[in-house]
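Trainee: Could you take me through the disulfides of this model, one by one? I would like to know where each cysteine sits and how far each link reaches along the chain.

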Amino acid sequence: ESEIKEAAVKNATWFPEQQNNNTKFRDWIDQLFRDHYQSYQVRRSAIHPPGLEVTLKLLEIISKRVNYLRDNTLSASAAPPLHILVSGGSLTSGMACGINHVGITQPGWVRQYTECAWPARLEHLFNRVLFQGKEVVKVSNLAVGGSNSEVGKAVLEYHLFPDAFDQPDIVIWSHAANDAQEKDKERAFFESIPGFVNAAHNLRICDDHLPLVVMNEEFFGQNNDISGAIYKASNWFGLMGISQRNVISHKTFANFDNDDYVKSIIDAKGIHPGMGGHIGTSWTVFFNFISAFTDVCDYRRVSSSPMSIASTDVAAKSIGPYKENDYGDISSEWKEHRDNIREMCLLSGAQEQEASTSLQSPCTYAFMVNRMTSIGTKADVDKKMNEVLTSNTGWKAEGFPIKQPRAGFYAKEPNAHFSLKIDASMETKYMTIMSMKSYGDNFKDTNLEVDVRIERKGDVAAAVTAEAEVAKSSKYEVTGYHETRTSIHVPHKFELPDGGAEIGDSIVVNFRLVSGSYFKIAGLAFCRY
């Protein structure tokens, strides 16, 4: 514990010239750890432990990396860092993470994301506490403001990652703050969350255990609904479940009217905690991984046959659809789910892909604005859209990578419209539009009409009948307003007409704002599934 605390003190802020001379800061960190994050307190955060076999695989990755760094007997490609992908919303991305009550200068927009948010702190805790500062663990924070589990699922499903992105060994779900705001709680909790879990598992479809999926509940205020859903999902799917909320909520709520006391724990009330909240989350997640690793090491130390496992776990990704009742046959549903996984593994040729750490995109054309990818600025959006635009009136790439309003493709006038044409490079069956929904006056009554048609390779216009033309086209609508008092990105997934496009076909799409005068598109995806 003293090592963890000392590393946390050294890495809790990224302005060491202030930190080292700030007695108030150091005293606060010491008190925060002593009063709220000692081991007997942090144990309350453990919702569900990871399985034995998946934990052993993680330790094997770490061991190879340590050996490589120690004597270079392995190639770097054979011993990459343990890779953790974090998916979440603005809280996880670091919004407000620099707010503090001890006089530390708040980081700028970029540094709060890359250095101040808890995922960055988690990477430093791993590497500095356990590995003398060497890069044994890499954390990729792909959190995007306004993202719920549906958005997180789309990012995973369509591989909307940075260039040359390695397969993650661990995927951490941190969408609790936005999922808790959803009006349709049943859909959010029992469809969207399981959908995210399946998308994470499918990143390595032929691996029985990796990636390990972690359900992580940060402290974000007084909304309690989602805690039960996280518990249920963690237990049903055999995931690792963590809740920082369980560590600090009792003391925080009991003294919520005492601003000084609350600031001493999380620094800021509301959905975006400050520096104390992010430091505490990194401690909590780190503690749970250390506990899982030491439990496995203890098992192997006392086992009569330490290299064998007496009774194997049921692999998390082989567990079938979540059920809230006893309708249907769970055993047969799980068997069908396992059969589907095997079929997906064979059809995707994923056995060969598993030998590589790279990921192959399932999309003909896809992007989502994310500062961690190649599409982070308005210039990036403009360039990506111009790859496929054929006409445009009233739409423009605008916004900033981090501060509001964030980069996207915006309409700011009535009847704004644009058209695009995409040549299919693979079988393409679905179109997803990532758009913003908000409660602001400018979003009221906004309605986007989307007209899609497939142009078949080799079709001669005069030879195509009117009936055939109709069969190859579809029309959809997307609204921009909701009454929930938050702004979120929502993926709208549509099946392409006439069975979709084959290689060499073209997908022609016309977008028109038929009501309202404001709309934001944050991503588009034309994909195989």
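What follows is a walk along the chain from one disulfide to the next.

Mentor: Happy to! Please keep in mind that this is a predicted model. The structure holds three disulfides, and counting the bonded cysteines along the chain gives the pattern 1-2, 3-4, 5-6.

Let's start with Cys-97 and Cys-116, whose sulfur atoms are 2.2 Å apart. Cys-97 belongs to the loop between α6 (90-93) and α7 (109-116), while Cys-116 is in helix α7 itself, so this disulfide ties together parts that are 19 residues apart in sequence. Both ends are out of reach of the probe by the usual cut-off of under 20% relative accessible area for buried: Cys-97 is buried at 0% relative accessibility, and Cys-116 is buried at 2%.

Next comes the disulfide of Cys-206 and Cys-345, with 1.8 Å between the sulfur atoms. This link is right-handed, with 115° about the S-S bond. Cys-206 is found in the loop between α11 (185-201) and β5 (212-217), and Cys-345 in helix α16 (residues 330-347), so a loop and a helix 139 residues apart in sequence are tied together here. The two ends fall into separate classes of accessibility: Cys-206 is partly exposed, with 23% relative accessibility, whereas Cys-345 counts as buried at 10%.

The remaining disulfide joins Cys-363 to Cys-527, with an S to S distance of 2.0 Å. The link of Cys-363 and Cys-527 is right-handed too, at 90° about the S-S bond. Here the partners lie in two strands: Cys-363 is in β7 (residues 363-368) and Cys-527 in β17 (residues 519-527), so the pair ties together parts that are 164 residues apart in sequence. Cys-363 is buried, with a relative accessible area of 8%, and Cys-527 is buried as well, at 0%.

One more cysteine to look at while you have the structure open is Cys-297, which is partly exposed with a relative accessible area of 44%.

To pull the picture together, the link from Cys-97 runs from a loop to helix α7, the link from Cys-206 runs from a loop to helix α16, and the link from Cys-363 runs from strand β7 to strand β17.

How values were computed:
Residues are numbered from 1 along each chain as its sequence is written. This is a predicted model: local features need pLDDT of at least 70, side-chain atom pairs count only at pLDDT 80 or more; totals for chains, interfaces and linings use all residues. Side-chain values use heavy atoms; hydrogens and water are left out. A disulfide is a pair of cysteine sulfur atoms within 2.5 Å. Helices (H or I, at least four residues) and strands (E, at least two) are DSSP runs, numbered from the N terminus. Buried means under 20% relative accessible area, exposed over 50%, partly exposed in between (1.4 Å probe, protein chains only).
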